[in-house]
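Me: Could you walk me through the inside of this protein with me, starting from its enclosed spaces?

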Amino acid sequence: MLRLMRNSTAPQSVIKSCVRSLGSVVHDPNLQDFNVVNEPILTYCKNSEERKAIQQALKATASKCEEVPIVIGGKEYKTDQVMHQVMPHDHQHKLAKFYYADKKLLEKAIKTAVEVQPKWDRVPLSERLKIWERAADLMAGKYRQDLNSATMLGQAKTVIQAEIDAAAELIDFLRIHAYFLKECVKYQPISEDIKVTKNSMRYRGFDGFIAAVSPFNFTAIGGNLAYTPAMMGNAVLWKPSDTALLSNWRIFNIMREAGVPDGVVNFVPADGPVFGDTITASPHLAAINFTGSVPTFSRLWKQVGNNIEKYNNFPRLIGECGGKNFHFVHSSADVESVVTSTIRSSFEYSGQKCSACSRMYVPESLWPKIKEGLVCEVQKLKIGDVQDMSTFTSAVIDDKAFKRITGYIEHAKSSPNLEIIAGGTYSDSKGYFINPTIVVSKDPKDRIMTEEIFGPVLTIYVYKEADLSKTMQLVNSSTQFALTGAVFGQDEDFIKCAMEEFKMAAGNFYINDKSTGSVVGQQPFGGGRKSGTNDKAGGPHYILRWTSPQSIKETFVPLRDINYPYMSE
């Protein structure tokens, strides 16, 4: 018809009548509506079904050293760089044997991801959401205790800490980010007259690949870092932590069983610098999703900056780097609540949560009672094997962590400004055990109060009530971190003041509650300053970090005149 129109000598009015108006070609996702609730946390009380199940799973997991290959595009690889994951509380017990991917294999993984991404991005959102729901159901049922047992034995988590993490939080991440994707798609731009113009928005993955670098301390974070970007249409290279290898391998296999195609996520354990150097050298790098230390994230950021001219995209850098989290106590605070909240925040999982309290500010008037309560409670804590259900916490993750943390304890022992009032002892003969340690500092800027320790060490500064305002300012100014913080008090004026004073001191802020325990969908997590890029995983905006939206305008009435009406007046 176009050829006929070009050659035609018919009047313009006749040509107009011959034009067929094209209808909309933009696919409506038409996603089924659904709601989400947080996954219930099982209690593991004596004689409960879940307690019997976890004990069986622990026995099975501990009975062998599982071999874990590198997986790229569904194919398994092994190298001569053989590594082992051990139990932190029994470091002679090997739990998993795995292999480091070398540069050549990492480059192969990049090539695979780049090739798979456009194919995966064409899979309808409705089909992806079905896969994610199947995966969440598998984690909640069939594989719940496999995830928990691998987390308990491989990362030295007690049963409740594993349940909160490897079961509930992981499942919540899958379900709630799927929910937010469904909600996001509901938005469509304004179309003033749908018969004339239709405006649409579609959510694309990135052109290239995403590198996910996950930590040891939360199994759920590994799943989130790799699979939320994948849900949005991206292809991923997942570098799991060496010390969370087995639990992460469990996630990878569950997602494959649920239907994630080969090559969408590639499982590539690797030496950190080799991985970083290889991904940042590729022109196809589209984003890095990272949880770990400030020096490592800074190194990656610098490498991206140095290579910025070679990339096809400006890579997005998303990172969470821990904190120097605080409890600030006002003279109006409930002492018992302060004590119990601080013990849990500082010493659950041996202080290895990103949000763990490691510094506390206490007024002189309450210090005698708070000191007595803390010392009394910390002496009751049982530290040992996670398979003992009466254990409160266990070993720290590895020899590097043990050396770093005990270095701060030795600093406390030798400094005239510091006094250890509880703990201070440790041993690595069987496992990497450090007893919960409480230090009192005369100097609020001593490095033990300003540097991240990431272990079971709490340092307290006792302030004079007359110095309340000055001490509050110290919270903001004495450290580079701003992840979590909590205030305790019943004085409403103080709480209002703290809300403003600590506005930039914490990305997650708690009032009369501990600084740990954020729940997916309830307290989206992340902090600013050197704590990270504050992208709030578990909240409605996180998925937008993993999509490159496309705006589409369809016009159904052809434009016939290049002039505007006023021009002919």
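Me: How many cavities of 30 Å³ or more does a search of the whole structure find?
Reply: Happy to help! This is a predicted model, where local features need pLDDT of at least 70, side-chain atom pairs count only at pLDDT 80 or more, and totals for chains, interfaces and linings use all residues. Residues are numbered from 1 along each chain as its sequence is written, and side-chain values use heavy atoms, with hydrogens and water left out. On a 1 Å grid over the protein atoms alone, a cavity is a set of points where a 1.4 Å probe fits but cannot get out. With 30 Å³ as the lower limit, the number of cavities found is two.

Me: Which residues are the closest to the centre of the largest cavity?
Reply: The largest cavity has a volume of about 80 Å³, a volume being the space filled by probe spheres set on grid points joined across faces, edges and corners. Its lining has 14 residues, counted when an atom is within 4 Å of a point. Closest to the centre are G323, G351, A356, S358 and F454.

Me: What is the volume of the second largest cavity?
Reply: Among the residues that line the second largest cavity are Y227, R256, D262 and V265. Its volume is about 50 Å³.

Me: Which helix gives the most to the largest nonpolar core?
Reply: A nonpolar core is a set of buried Ala, Val, Leu, Ile, Met, Phe, Trp, Tyr and Cys residues joined through side-chain atoms within 4.5 Å, and buried means under 20% relative accessible area with a 1.4 Å probe, protein chains only. The largest core has 78 residues, and W132, M139, Y227, W238, M255 and V265 have the most contacts inside it. Helices here are DSSP runs (H or I, at least four residues), numbered from the N terminus. With 14 residues, the helix that gives the most is α7 (residues 159–186).

Me: Is N217 buried or exposed?
Reply: N217 sits in the loop between β7 (209–213) and α8 (219–231), where a strand such as β7 is a DSSP run of E, at least two residues. Contact means heavy atoms within 4.5 Å, and residues that N217 touches include K157, Y349 and F454. Because its relative accessibility is 1%, N217 counts as buried.

Me: Which residue has its backbone oxygen 3.0 Å from a polar atom of the N217 side chain?
Reply: N217 touches K353 and C354, among others. The backbone oxygen at 3.0 Å from a polar atom of the N217 side chain belongs to Q352.

Notes:
Buried means under 20% relative accessible area, exposed over 50%, partly exposed in between (1.4 Å probe, protein chains only). A polar contact is a pair of N or O atoms within 3.5 Å; within protein, one must be able to donate a hydrogen and the other to accept it, and residues adjacent in sequence count only if both atoms are side-chain atoms. On a 1 Å grid over the protein atoms alone, a cavity is a set of points where a 1.4 Å probe fits but cannot get out, and a pocket is an open set with protein on both sides within 12 Å along at least five of seven lines; lining residues have an atom within 4 Å of a point. Lists of a residue's contacts leave out its neighbours within four places in sequence.
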